[in-house]
Amino acid sequence: MSQLTDEINKRRTFAIISHPDAGKTTLTEKLLLFGGAIHVAGAVKSNKIKKTATSDWMEIEKQRGISVATSVMGFNYRDHKVNILDTPGHQDFAEDTFRTLTAVDSVIIVIDCAKGVELQTRRLMEVCRMRHTPVIVYINKLDREGKDPFDLLDEVEEELKIKVRPLSWPIDMGQRFRGVYNIYEKGLNLFTPNKQQVTDRIAITDLESGELEKHIDPAQAGKLRADLELVEGVYPEFDRESYLKGEVAPVFFGSALNNFGVKELLDCFIDIAPSPCPIMAEERKIDPYEEPFTGFVFKIHANMDPNHRSSIAFVKICSGRFERNKNYKHVRMNKLMRFSSPTAFMAQQKEIVDEAYAGDIVGLPDTGNFRIGDTLTEGEELHFRGLPSFSPEQFKYIENADPMKAKQLAKGIDQLMGEGVAQLFVNEFNGRKIIGTVGQLQFEVIQYRLLHEYAAQCRWEPINLYKACWIESEDLAQLEAFKKRKAQFMAKDISGRDVYLADSGYVLSMAQQDFPKIKFHFTSEF
Ligand code: G4P
């Protein structure tokens with residue numbers, strides 16, 4: 001096996017996603033503990049922006065600062081290189097999370113056993129489903145009272161629209177929680193509430209042998225046997241292929257806070273999760289094992305410190321080997337660029353690297369050359385797809401509040417939109433700029449950053465819109481007729497695509513009825 005193949009095979013690049021408070025940060029931290037990347041619990045700061053602090057700017061800045069360090073966390077475990085990509089917890093930054101999901105090969109979903117499947121989890125799972133991303137489910141907080149495990153599995157199947165296959169099973173919960181039986185490795189893990197230590201596994205291959213009763217009380221042993229029998233009866237054998245296709249999600253139970261069920265999860269993850277997968281570019285499919293380097297920018301992190309203006313562009317390496325100081329082609333700008341200080345993220349340290357491989361993420365210091373979705377290659381004209389924009393939920397007109405600074409404002413808006421902070425639509429009828437966001441917080445971020453980074457002042461004006469729809473049709477006459485009829489509501493997005501801004505659900509459904517040959521899409525990629 002060549003060194004390149006060997007390195008790529010070792011990579012496991014994934015994201016942990018959850019509804020806020022389900023335990024994503026806690027689980028991340030425990031995984032890092034196992035990987036030896038950190039040595040004490042509490043070292044990973046949550047990057048979630050507390051709900052109470054939505055307009056507390058210092059807080060947000062602080063949090064953003066922290067999240068650069070924790071954007072990608074790499075560590076070695078069992079001769080594998082694990083890359084965890086962090087996703088922002090605050091739902092107003094959901095679009096960031098969606099884009100991060102385009103850079104991973106698999107996902108772990110954390111669910112709170114008392115709350116079950118929540119809104120944010122459902123939305124994120126939709127993106128995974130669109131992309132056929134393999135998912136593993138970790139049901140957390142078994143040390144608390146929660147829903148019945150079978151009910152939880154039904155809920156996951158129904159709400160997340162994916163088949164499940166438990167690979168571990170809890171023995172009771174809450175105060176009576178005794179541990180989990182590891183179906184995957186056939187062993188018992190007994191629960192000792194301890195935030196730092198790992199429990200030893202007791203191998204029990206024959207559940208009928210009476211061995212169980214030596215460790216847990218007979219009633220619980222009986223219940224466990226009955227549950228496991230039901231599990232085997234109801235759920236088909238675990239099949240790795242179905243997991244890799246995104247059809248079946250293996251499920252683990254545990255308590256991340258108590259470091260419980262985490263090692264089993266990690267061990268199984270290393271065994272079954274995919275190494276870097278091929279990625280579709282507009283031109284062709286890119287295989288990770290191809291020698292020439294290719295990669296795309298999925299995230300740009302602005303440095304909010306005015307003394308260090310440069311930002312970091314996060315590049316997912318799609319194929320080959322990336323090398324420091326080598327010339328690469330920035331396809332959109334058609335120019336060669338060299339990077340003398342690319343950074344990688346190991347054990348929470350940002351360090352300069354000489355090389356990185358498909359599956360890895362490198363951070364490239366940037367002074368405004370990069371936009372989300374930009375491609376780097378060794379010369380080939382490639383454009384990576386699959387960085388969808390979703391219809392925003394909130395819209396406002398953005399107006400210049402300082403006539404002397406019109407240029408700065410235009411530049412600021414252009415760059416912030418390139419970073420993917422929000423979406424810009426230019427109304428074709430009156431030329432006014434409309435900003436679309438997922439939540440109110442982004443409007444605040446934009447206004448603040450325009451002022452502090454571009455010395456430009458903006459003013460928001462209300463506009464009543466319901467959804468942005470990207471439209472297309474093979475029937476060009478109908479498309480033209482539609483654009484004419486809806487002239488006041490037609491706009492262009494940042495890439496020049498036609499967008500219809502519907503002002504109400506009713507108007508939208510009427511339009512869909514009146515123009516049956518037009519397709520209305522709620523994402524920019526279809
Ligand atoms: P998030 O990143 O998904 O938003 O969740 P995070 O890990 O921050 O966890 C949310 C809360 O749930 C935290 O409590 C955390 O300690 C708790 N938690 C995580 N895993 C478990 C578990 O297995 N059992 C129990 N009982 N609680 C768990 P907090 O009070 O909000 O924060 P903190 O003060 O403990 O940091």
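**Exercise 1.** Does Glu472 count as buried, partly exposed or exposed, and what is its relative accessibility?

Solution. This is a predicted model, in which local features need pLDDT of at least 70, side-chain atom pairs count only at pLDDT 80 or more, and totals for chains, interfaces and linings use all residues. Residues are numbered from 1 along each chain as its sequence is written, and side-chain values use heavy atoms, with hydrogens and water left out.

Step 1: take the cut-offs. Buried means under 20% relative accessible area, exposed over 50%, and partly exposed in between, with a 1.4 Å probe and protein chains only.

Step 2: apply them. Glu472 has a relative accessibility of 30%, so Glu472 counts as partly exposed.

Step 3: locate the residue. Glu472 belongs to strand β28 (residues 467–472); helices (H or I, at least four residues) and strands (E, at least two) are DSSP runs, numbered from the N terminus. From Glu472 to Lys519 the C-alpha to C-alpha distance is 5.4 Å, with the two positions 47 residues apart in sequence.

**Exercise 2.** Trace the salt bridges of Asp360 and state which parts of the chain they link.

Solution. Step 1: set the rule. A salt bridge is a side-chain nitrogen of Lys or Arg within 4 Å of a carboxyl oxygen of Asp or Glu. By this rule the model has 37 salt bridges.

Step 2: take the pair with Arg11. The closest N and O atoms of Asp360 and Arg11 are 2.9 Å apart. Asp360 sits in the loop between β21 (355–357) and β22 (361–366), and Arg11 in strand β1 (residues 11–18), so this pair links parts of the chain 349 residues apart.Step 3: take the pair with Lys81. The salt bridge between Lys81 and Asp360 has an N to O distance of 3.1 Å. Lys81 is in strand β3, 279 residues from Asp360.

Step 4: check burial. Lys81 is buried at 12% relative accessibility, and Asp360 is buried at 4%. Arg11 is buried too.

Step 5: join the pairs. Through shared partners, salt bridges connect Glu7, Arg11, Lys81 and Asp360 in one network.

**Exercise 3.** Which parts of the chain does the salt bridge between Asp271 and Arg78 tie together?

Solution. Step 1: the closest N and O atoms of Asp271 and Arg78 are 2.7 Å apart.

Step 2: Asp271 lies in helix α9 (residues 262–272) and Arg78 in the loop between β2 (72–77) and β3 (80–85), so the pair ties together parts 193 residues apart in sequence.

Step 3: Asp271 is partly exposed at 34% relative accessibility, and Arg78 is partly exposed at 41%.

**Exercise 4.** Describe how α2 packs on α9.

Solution. Step 1: find the geometry. Helix α2 (residues 24–34) meets α9 at an angle of about 70 degrees, and the axes are 10 Å apart. Axes are lines fitted to C-alpha atoms, for helices over the stretch in contact, and angles run from 0 to 180 degrees between N-to-C directions.

Step 2: name the arrangement. The helices α2 and α9 are roughly perpendicular; angles under 35 degrees count as roughly parallel, over 145 as roughly antiparallel, 65 to 115 as roughly perpendicular and the rest as oblique.

Step 3: list the residues. Leu27, Lys30, Leu31 and Phe34 of α2 touch Val262, Lys263, Leu265 and Leu266 of α9, where contact means heavy atoms within 4.5 Å.

**Exercise 5.** How many of the eight residues of helix α4 are buried, and what do they pack against?

Solution. Step 1: in α4 (residues 94–101), seven of the eight residues are buried. Among them are Phe98, Arg99 and Leu101.

Step 2: the buried residues of α4 pack against β1, β3, β4 (106–112), α5 (119–131), β14 (294–301) and β25 (423–427).
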